[in-house]
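Visitor: Pick one sheet in this model and take me through it closely, strand by strand. Then show me what else is worth a look around it.

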Amino acid sequence: TVVVVGSANVDLVVDVPRHPGPGETILGGRLRRSPGGKGANQAVAAARAGGADTWFLGAVGRDDAAELLLESLSGAGVRTDLVARSDEASGTALIWVTDDGENAIIVAPGANAEVAVDDAARARLPGADVVLAQLEIPLETVLGAARARRDGARFVLNAAPSRDLSPEVWDEIDLLVVNEHEARDLAPAGGALGAAGATTAGGSAAASTPAQLARALLEKVPAVVITLGGDGALVAERGGEPETVVAPPVTAVDTTGAGDTFCGVLAAALADGATLVGAARLAAAAGALAVTRPGAQAAVPTAAETADLARE
Ligand code: ADP
């Protein structure tokens, strides 16, 4: 069983010829409305990966957007019993995309700011083999969910978007999943980075390779996966050598949701008993498939599609 604790957002996307300037109004293209949010995306990915039961612990409003979000979750096979209804609006991401594919995003968290570990969640969390969270909900909730897991269950944190973590949260992490950018934000300066970058002033995250970043992060957590876009991912565990898993080469159409697909599939494979490297290999193949399709949740591949690509 996987319990994903996190955000659900309706993505409102519009194509624009260019970014609007201050005080400016510009006309865009047709509005697209699709289910997103890191938590919900990752839950959909975990459920579609098959194997493990997947529950989503989150919150939505009492609005139309909530119906879209809940339908997408249950359509993918995610259990939604732990989704609370808030008086706040469902989380909404306002996204515009320019002709050259560059986007700008504003998130109104709404109900996501109210996600909490309530009694129902507290009763369910000990049944999880993997508890997976991200950072679009209150940190206190992330910590509460981690602490409610049973002994032996894994707490996987996708530290996105990156923000400062309390020592209490660091202490709970069994596996940290980050992209390169987040790894740079979170890697402790000094230590492994200091030694690696001894010729620069005390070593700096900016100049570090993924392997150096992984080594620095292993000072804080027992295992790390750094995703590297088209280059796949680096898997590192304390006491072992870092290992790279490849992403099968694909033609990228829309990278939205690639990282979320990776995290969800990784969690499902771990709950199913895969090794970390084995799980990362599947996750990298699933992430690659996700970039070949537009959208976030709509782009998540099935277990069969992922297995086919991972075998190649
Ligand atoms: P994020 O979207 O969080 O920044 P990444 O860009 O690292 O995360 O992508 C996550 C995963 O998606 C990668 O590890 C890889 O498996 C897959 N992926 C992303 N971009 C590509 C690409 N251009 N080609 C193949 N796979 C990709």
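Guide: Two strands count as paired here if DSSP finds at least two bridges between them. The strands themselves, like the helices, are DSSP runs numbered from the N terminus: E over at least two residues for a strand, H or I over at least four for a helix. Keep in mind that this is a predicted model, so local features need a pLDDT of at least 70 and side-chain atom pairs count only at pLDDT 80 or more, while totals for chains, interfaces and linings use all residues. Residue numbers run from 1 along each chain as its sequence is written.

Let's take the open sheet of four strands, in the order β3-β2-β6-β7, with mixed pairing. At its edges sit β3 (32–36) and β7, each pairing on one side only. From one strand to the next, the twist averages 25 degrees (axes are lines fitted to C-alpha atoms, for helices over the stretch in contact, with angles from 0 to 180 degrees between N-to-C directions).

Go across it from the β3 edge. Five bridges link β3 to β2, and that pair is antiparallel. D11 has S34 as its bridge partner in β3. The next step is parallel: β2 (residues 9–16) and β6 (residues 91–98) share eight bridges, and V16 is matched with T98 in β6. Then the sense flips back, with β6 and β7 (residues 103–108) antiparallel over six bridges. There, V97 is partnered by N103 in β7. β6 and β7 make a hairpin with four residues between them, and G101 in that turn has a positive phi of about 85 degrees. For context, most residues other than glycine have a negative phi, and most peptide bonds are trans.

Now zoom in on β2. The unreviewed UniProt entry has a "binding site" annotation covering N9, V10, D11, G37, K38, G39, A40, N41, E136 and D260; positions are in the numbering used here, feature names are shortened, and annotations may be inferred rather than shown by experiment. N9 lies in β2 and counts as buried because 31 other C-beta atoms fall within 10 Å (20 or more means buried, 12 or fewer exposed, in between partly exposed, with C-beta atoms placed from the backbone). Skipping residues up to four places away in sequence, N9 touches G36, G37, G91, T92, A93 and V107 (contact means C-beta atoms, placed from the backbone, within 7 Å). D11, also in β2, is buried too, with 23 other C-beta atoms within 10 Å. Beyond its neighbours within four places in sequence, D11 is in contact with S34, G36, A93, I95 and A296.

So much for that sheet; now for its surroundings. There's another open sheet, of nine strands, ordered β5-β4-β1-β8-β9-β10-β11-β12-β13 and again with mixed pairing. Its edges are β5 (83–85) and β13 (243–245), and since each has a single partner strand, one side of each has no neighbour in the sheet. Here the twist averages 20 degrees from strand to strand. Toward the β13 edge, β12 and β13 run antiparallel, joined by three bridges, with L234 opposite T244 in β13.

Helices lie against these strands. α1 (residues 38–48) lies across β1 (2–5), β4 (54–60) and β8 (130–133), at about 160 degrees to β4. α9 also packs on the sheet, touching β1, β4, β8, β9 (154–158), β10 (175–179) and β11, and its direction makes about 170 degrees with that of β8.

Last stop, the ligand. It is surrounded by 18 residues, the closest being T227, G230, A247, G259 and G287 (near means a C-beta atom, placed from the backbone, within 6 Å). The elements giving two or more residues to that shell are α9 (258–271) and α10 (276–291), and α10 gives the most, with four. A second "binding site" annotation in the unreviewed UniProt entry covers N179, T227, L228, G229, G230, D231, G232, G259 and D260. One of these, L228, is in the loop between β11 (223–227) and β12 (233–237) and is partly exposed, with 18 C-beta neighbours inside 10 Å. D231 is found in the loop between β11 and β12, and its 14 C-beta neighbours inside 10 Å make D231 partly exposed as well.

Definitions and conventions
Contact = placed C-beta atoms within 7 Å.
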